[in-house]
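The following exercises concern ligand sites, a metal site and a pocket. Each task is followed by a solution in steps.

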Amino acid sequence: MSLVSMRQVLDEAATGGYGVGAFNVNNMEQIQGIMEAARETASPVIVQASRGARSYAGDRFLLHLMLAAAEEYPEIPVVLHQDHGNSPATCLRAIDLGFTSVMMDGSLLEDANTPADYEYNVAVTRAVVEYAHARGVTVEGELGTLGGIEDGVGSGEVNLVDPGQAVEFVARTGVDALAVAIGTSHGAYKFSREPDGDILAMHLIEEIHRRLPDRHLVMHGSSSVPAGLVRRINAAGGRITAGYGVPVEQIQRGIRHGVRKINVDTDGRLAITAAVREALAGEPAEWDPRHATKAARQGMREVVAERMRQFGQAGHAADYLPLSLERMRERYVATAAVA
Ligand code: G3H
Ligand code: 13P
Ligand code: ZN
């Protein structure tokens with residue numbers, strides 16, 4: 001078993017100057033596709049479950065699939081991460097279940113829709129940090145709200161992260177990693193044109209990294225939405241009109257400036273939809289669903305392996321031995337005593 005805290009994986013990534021993809025999962029084929037990609041590329045990996053995923057699959061089903069992945073692939077450091085926890089209660093439950101990392105998304109209220117005020121964000125994030133660090137578990141926070149500058153969600157410019165506030169937020173909460181809103185959004189419809197500095201604010205990452213060189217930065221909504229996958233889906237009977245995603249070169253620029261965790265969900269979903277549609281359309285007489293689910297697993301594997309190479313995590317699985325959560329807890333205690 002090679003379960004590891006996210007803090008250790010991101011610390012190692014900072015030392016090595018690379019980024020680590022955090023891939024969303026809802027089912028066995030996605031988890032297996034990710035693990036096959038991790039073995040193929042010798043990568044450490046962050047496997048993450050949203051609240052939606054936990055309610056789709058059921059907490060225990062999802063958790064045990066993830067634990068099975070860690071057991072089957074002992075040479076791969078695996079982080080089990082709760083994505084977008086909407087309240088301290090959600091995060092505490094994930095920690096008690098056995099997740100090694102949680103995101104407390106206090107940028108939004110518990111309804112996961114309404115932008116929250118800064119003091120609320122500090123209070124809920126600090127509460128989760130106290131509970132998590134006492135158990136050696138990592139915490140990611142978020143500042144600014146996702147939604148994109150041009151898609152009408154959120155309130156545009158004012159929801160971008162404020163670098164000065166980022167410095168204060170980290171000091172007051174003690175988060176291990178900070179997600180910063182720079183104009184991206186979740187899903188396949190991020191930008192209606194190739195993003196430039198006006199709609200994808202990479203300069204904010206550079207500025208925050210200058211002010212917080214030791215804190216791990218996180219990019220959400222970082223699927224690239226490859227035109228080739230969209231074309232394949234539509235050629236096999238789909239009808240989607242996806243826009244532009246986040247170009248891989250922009251993510252690589254972020255990695256040069258402190259981005260250590262890159263959230264990718266949509267690209268996996270697109271790869272699976274393309275593979276399943278092609279499998280079903282290509283063999284209309286096939287009635288065994290494994291024909292399509294095998295294709296799904298392979299589609300996931302291919303896109304994840306490509307991202308692992310592009311983010312630079314490939315080849316780093318064996319760089320270090322996983323520290324236990326107990327050891328991580330001792331480290332948090334020691335740092336607090338020094339501070
Ligand atoms: O948090 C963002 C991910 O894309 C998860 O989406 O809630 O539909 O699983 P989901
Ligand atoms: P995408 O929708 O761009 O894949 O973003 C996923 C994400 O940020 C999950 O938290
Ligand atoms: Zn996200």
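**Conventions**

The model is predicted, so local features need pLDDT of at least 70 and side-chain atom pairs count only at pLDDT 80 or more, while totals for chains, interfaces and linings use all residues. Residues are numbered from 1 along each chain as its sequence is written, chains are lettered from A and ligands numbered from 1 in the order in which they are written, and side-chain values use heavy atoms, with hydrogens and water left out.

**Exercise 1. Identify which polar side-chain atoms lie by an oxygen atom of ligand 2, and describe its shell.**

Step 1. A polar side-chain atom of His-84 is found 3.2 Å from an oxygen atom of ligand 2. For Asp-83, the distance from a side-chain N or O atom to an oxygen atom of ligand 2 is 2.7 Å. His-186 places a polar side-chain atom 3.1 Å from an oxygen atom of this ligand. A polar contact is a pair of N or O atoms within 3.5 Å; within protein, one must be able to donate a hydrogen and the other to accept it, and residues adjacent in sequence count only if both atoms are side-chain atoms.

Step 2. Of the 310 Å² of accessible area that ligand 2 has on its own, the protein covers 96% (Shrake-Rupley method, 1.4 Å probe; for residues, only the protein chains shown count as cover).

Step 3. The shell holds 15 residues, with Asp-83, Lys-190, Ser-223, Asp-265 and Thr-266 the closest (a residue is near if one of its heavy atoms lies within 4 Å). At least two shell residues come from each of β3 (78-85) and β8 (259-264) (strands are DSSP runs of E, at least two residues, and helices runs of H or I, at least four, numbered from the N terminus).

**Exercise 2. Characterise the surroundings of ligand 1.**

Step 1. Its neighbours are Asn-24, Ser-50, Asp-83, His-84, His-186, Asp-265 and Arg-269.

Step 2. Oxygen atoms of ligand 1 lie 2.6 Å from a side-chain N or O atom of Asp-265 and 3.4 Å from one of Asp-83. Arg-269 has a polar side-chain atom 2.9 Å from an oxygen atom of ligand 1.

Step 3. The protein covers 69% of the 300 Å² of accessible area that ligand 1 has on its own.

**Exercise 3. Which protein donors bind the zinc ion (ligand 3), and how are they spaced along the chain?**

Step 1. The donors are His-84 (NE2), His-186 (NE2) and His-220 (ND1), lying 2.1 Å from the zinc ion (donors are N, O and S atoms within 2.8 Å of the metal, or 3.2 Å for Na, K and Ca; water is not among the atoms, so sites may look incomplete).

Step 2. Their spacing along the chain is H-x101-H-x33-H.

Step 3. His-186 sits in the loop between β6 (177-180) and α8 (202-211), and His-220 in the loop between β7 (216-219) and α9 (227-235), so the pair ties together parts that are 34 residues apart in sequence.
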